[in-house]
Amino acid sequence: MSAYVKKSDIFVSSQKLFDVLFREEGAAFLDSSLVNELGQYSMIAIHPYLELKEIDGQFYKNGVLQQGSMELCLKAYLQKEKEVNRTVLPLVSGGIGYFSYDYGRKFEKIKTRHSKKLELPDALITFYDNFIIEDIENKILYLIANGKLAAQKESVQRLEELVRQCNEDRACFTNNVLAKEEFGGVDKNFEKQEYIQAIQDVIEYIKQGHIYVMNMTQQLEIESKKPPYEVFKELQKKNPAPFSAYLSGEYGAIISASPERFIKIRDGKIETRPIKGTRKRGSTTQEDLLLKEELQDSEKDKSELLMIVDLERNDLNRICLPGTVKVSELFKVETYATVFHLVSNVEGTLRQDVDFVDVLRAMFPGGSITGAPKVRAMEIIDELEHDQRGLYTGIIGYISLSGDCEFNIAIRTAVYDDEKYHIGVGGGITYESDTEFEYEETLQKGKALIEAIQG
């Protein structure tokens, strides 16, 4: 059965609609709160009918333990249910979810010495009956039903009624409904000198020839009763990002405002967009310009990004048609609310025999958050970091039954569990790294999230 798609007669922003829907069990929101060429659409998913998840190597389907792996089940499901998307929309049928960094360790056979801190599943993809897609650029709302749980036309009629009520402000919550609560301080899993020593250890590994570059991270923990959806909305205001996400479930909630695209697949074309190099925003126009130029001219940051571009070109060449992989953008500075980033774009054409699971196995975890060479960098990460990364530096996004998909890198991301927010912050280390600067850069990257939790 093909998805039933109807253009709404009334336009209401997806944000306003999700103010109503975020309490629905399993509801998901992928939002482009920073409107630019990277994100034209925002999408809401409700009414889950199939949940695939993996916890500690065990695979569950709708909560029931299964034989085999999640990847094999996902691969078979995507093949069996494949359908053509005849619309211009990125998704009309499919799933939304995430793969944690630790889930990706098995692709490279990297064991860990750390125990797990959170009950969050290692990977979770949920397939939904209904989607609401906002075309942000053209201010159009699309209402979609797949007929898995309810008749399609009746299902869309219920969505139309919701849109109508929201347009009349009869169903929508406001920020004031969510009470602000007390919050505690920020706990780090590294003391400053410990973290600086770890950076020096990374540089020593580089000198000895083990690696060229490595991403080193620390974990922050903030005790707070502030509701996660309120934090998400605050983050959207303070730090709008092209790949924002809000997911919730029995494990708690995930809040993400990522600037980095891991992969986008559309009509057999694949892109990856690594980031390396960060500068904070200046307090005056002149200081802002100087910091932007400093990043643009930084040989250290360009060198670091170039190494990751080479790694990801190699990964793409494993799954793309020969001769199609190219670097379409190199050393572009992108501007965000609190920082500048140096980015590149690498793209190629997928081979006919390659599907989403093959792409995952070939490219995940992303090179920008491991280092190069990837396997040795991941071994050293496990040796030097104090905890499992969990979702941090994993990926969040959607998989369409058409074969398309888009996932961010899960940075600028918080996991809310048992009245605590868990945040990872880190950066790429090279031979030229200044240890003090690298430490301060990690804190700068967490600034917007911390302010959203504490503000």
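This is a guided tour of a predicted protein model, stop by stop.

**Whole chain**

Start with the full cartoon. The protein has 11 helices and 22 strands. Its radius of gyration is 21 Å, close to the 23 Å that the globule rule gives for 455 residues, so the protein is as compact as a globular protein of that length. Turn on the C-alpha trace. Along its principal axes it spans about 65 × 50 × 45 Å.

Now switch to the surface. The accessible surface comes to about 18800 Å², and 47% of that belongs to carbon and sulfur atoms. Of the 455 residues, 60% count as buried. Contacts reach far along the sequence: among those with a separation of 6 or more, 75% are between residues 24 or more positions apart.

Colour by charge next. There are 57 positive and 74 negative charges in the protein. Their mean positions are 4 Å apart.

**The cores**

Hide the surface and select F99, F127, I270, I319, F356 and F407. These have the most contacts inside the largest nonpolar core, a set of 71 residues. Add helix α5, residues 192-207. This helix gives the core its largest share, 8 residues.

Zoom in on F356. Which residues is F356 in contact with, leaving aside its neighbours within four places in sequence? They are L74, L78, F99, I263, I399, C405 and F407. Of these, F99 and F407 also appear in the list of residues with the most contacts inside the core.

Then select V12, F22, F29 and L235. They belong to a second, separate core of 40 residues.

**Helix α1**

Go to residues 14-21. Here 7 of the 8 residues of helix α1 are buried, so this helix is largely enclosed by the rest of the structure. Show the side chains of S14, Q15, L17, F18, D19, V20 and L21: these are the buried ones. Polar names such as S14, Q15 and D19 are included in that set.

**Two cis peptide bonds**

Select F364 and P365. A cis peptide bond joins them, with omega about 0°. P365 sits in the loop between α9 (356-363) and β18.

Move on to A372 and P373. They too are joined by a cis peptide bond, and omega is about -10°. A372 lies in strand β18, residues 371-372. P373 is in the loop between β18 and α10 (374-384).

Stay on A372. Is A372 buried or exposed? At 6% relative accessibility, A372 counts as buried; the cut-off is under 20%. Beyond its neighbours within four places in sequence, A372 is in contact with I211, Y212, V213, L311 and A377. Draw a distance from A372 to I308. The two are 64 residues apart in sequence, yet their C-alpha atoms are 7.0 Å apart in space.

**Strand β16**

Select residues 326-335, strand β16, and pick out F331. What is notable about the phi of F331? Phi is positive, about 60°, although F331 is not a glycine. F331 is buried at 18% relative accessibility.

E329 is found in the same strand, β16. E329 is partly exposed, with a relative accessible area of 28%. Its contacts, leaving aside neighbours within four places in sequence, are R273, S344 and N345. Now link the C-alpha atoms of E329 and V343. They are 14 residues apart along the chain and separated by 8.0 Å.

**A second positive phi**

Jump to R412. This residue is found in the loop between β20 (405-409) and β21 (413-417). R412 has a positive phi of about 50° and is not a glycine. R412 is buried, with a relative accessible area of 11%.

**Helix α11**

Finish at residues 435-454, helix α11, and select Q444 within it. Q444 is buried, with a relative accessible area of 18%. Which residues touch Q444, apart from its neighbours within four places in sequence? Show K280, T338 and V339: Q444 is in contact with each of them.

Technical notes
Residues are numbered from 1 along each chain as its sequence is written. This is a predicted model: local features need pLDDT of at least 70, side-chain atom pairs count only at pLDDT 80 or more; totals for chains, interfaces and linings use all residues. Side-chain values use heavy atoms; hydrogens and water are left out. Helices (H or I, at least four residues) and strands (E, at least two) are DSSP runs, numbered from the N terminus. The radius of gyration is taken over C-alpha atoms; the globule rule is 2.2 Å times the number of residues to the power 0.38. Buried means under 20% relative accessible area, exposed over 50%, partly exposed in between (1.4 Å probe, protein chains only). Contact means heavy atoms within 4.5 Å. Accessible areas come from the Shrake-Rupley method with a 1.4 Å probe; for residues, only the protein chains shown count as cover. Lys and Arg count as positive and Asp and Glu as negative; His and the chain ends are not counted. The place of a charge is taken as NZ of Lys, CZ of Arg, CG of Asp or CD of Glu. A nonpolar core is a set of buried Ala, Val, Leu, Ile, Met, Phe, Trp, Tyr and Cys residues joined through side-chain atoms within 4.5 Å.
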